[in-house]
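Hi,

Here is the structure I said I would pass on. Have a look at it first, and my notes on what turned up are underneath.

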Amino acid sequence: MKQQIIVLLMTFCPIGIFGQTWDYPVKPGTEEWKKMDYQEKVQRSQPSSEILKNMNTKELLDCCLEYPFNRDILLFNNPNERFLDVFNNSTVWKEFISRKDAFAVFSKFYTRKSLDDIAKITNENIRNSERFQLYFLEKVVAETSFIDNLSISDKKNLMHIILNVHLEKRKYPDEYVGFAYNSSLSALYRVLPSEPKGIRKNPEKVKSLTDNERFINNSLDREIIVSVQNFLLR
């Protein structure tokens with residue numbers, strides 16, 4: 001069984017993108033962090049409501065991507081099992097998806113580098129960080145209310161950019177396997193306004209995207225991709 005998803009995740013090191021104006025006061029690895037219990041760490045990692053209100057959405061996303069507990073999902077054989085707990089414990093993530101311009105900021109970040117660009121990064125930690133951030137953002141689309149208030153036009157744009165990334169992953173089968181591949185497929189399925197034919201008859205196929213499935217279901221992959229392509233042609 002290929003385990004490259006674990007390799008790329010275990011070397012995750014957060015990197016800043018937009019130059020945030022607020023930073024987490026206590027960071028993992030410091031002596032102060034080591035002395036705190038889990039709940040205290042979570043509490044200290046939440047900016048005040050006033051700070052959240054005064055951040056622009058680009059700054060919010062940067063803080064989201066540096067949230068210290070994003071990496072908690074790496075503690076599980078199936079990172080999907082922990083994702084919602086991490087997300088729901090973060091006021092920064094919840095504030096971000098509530099913003100009217102969240103999609104614009106999301107799409108700008110998500111498309112800023114192609115997978116070819118990421119593959120050319122020579123620093124392994126940074127390269128793996130980029131891959132992890134794509135995975136986490138795809139999970140935000142697939143598992144949260146991020147898309148609930150998007151217009152049909154924005155949903156089509158979202159499907160378009162995620163589909164491009166999903167298809168590009170096929171060029172790098174050793175880097176994007178199992179969870180790392182299925183995250184974009186799950187996101188596409190979530191945005192589709194109706195279920196593709198055949199999937200309703202076999203819910204276990206869909207369940208495999210987020211449960212203990214480390215392999216790629218080729219028939220489900222084709223089904224969802226064709227459904228997305230057809231929807232984009234409307």
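One aromatic cluster takes in Phe83, Phe87, Trp93, Phe96, Phe106, Tyr110, Phe132, Tyr135, Phe136 and Phe146. Bear in mind as you read on that this is a predicted model. Counting over the structure, there are 15 aromatic pairs. Take Trp93 and Phe96: their ring centres are 6.4 Å apart and the planes stand at 80°, so this pair is edge-to-face, given that anything over 60 degrees counts as such. Both residues belong to helix H7 (residues 91-98), where they are 3 residues apart, about one turn of the helix. Trp93 and Phe96 are also both buried.

Two rings have a charge for company. Over the ring of Phe109 sits the charged end of Arg112, 3.9 Å from the ring centre. Lys156 lies over the face of Phe231, and there the distance to the ring centre is 5.3 Å.

Next, a helix pair. Helix H12 (residues 179-191) and helix H14 (residues 218-232) have axes that come within 10 Å and cross at roughly 45°. That angle makes H12 oblique to H14, and the crossing is left-handed. Which residues meet there? From H12 they are Tyr181, Leu185, Leu188 and Tyr189, and from H14 they are Asp221, Ile224 and Val228.

I also looked at two charged residues in loops. Asp72 is in the loop between helix H5 (57-65) and helix H6 (80-88). Is Asp72 buried or exposed? Its relative accessible area is 12%, and the cut-off for buried is under 20%, so Asp72 is buried. Setting aside neighbours within four places in sequence, Asp72 is in contact with Tyr38, Arg82 and Val86. With Val86, the C-alpha to C-alpha distance is 7.1 Å, while the two are 14 residues apart in sequence.

The other one is Arg99, found in the loop between H7 and helix H8 (102-110). Arg99 has a relative accessible area of 17%, which is under the 20% limit and therefore makes it buried. Again leaving out neighbours within four places in sequence, the contacts of Arg99 are Leu52, Lys53, Met55, Asn56, Thr57 and Leu60.

That's what I have for now. Shout if you want to go through any of it together.

Cheers

Notes. Residues numbered from 1 in each chain as written. Predicted model: local features only at pLDDT ≥ 70, side-chain atom pairs only at ≥ 80, totals over all residues. Heavy atoms only, no water. Phe/Tyr/Trp six-rings, centres within 6.5 Å; stacked < 30°, edge-to-face > 60°. Helix = DSSP H or I, 4+ residues; strand = E, 2+ residues; numbered from the N terminus. Buried < 20%, exposed > 50% of the residue type's maximum accessible area, 1.4 Å probe, protein only. Lys NZ or Arg CZ within 6 Å of the ring centre and 35° of its normal. Axes fitted to C-alpha atoms, helices over the stretch in contact; angles between N-to-C directions. Parallel < 35°, antiparallel > 145°, perpendicular 65-115°, else oblique. Left-handed = near helix turned anticlockwise from the far one by under 90°. Contact = heavy atoms within 4.5 Å.
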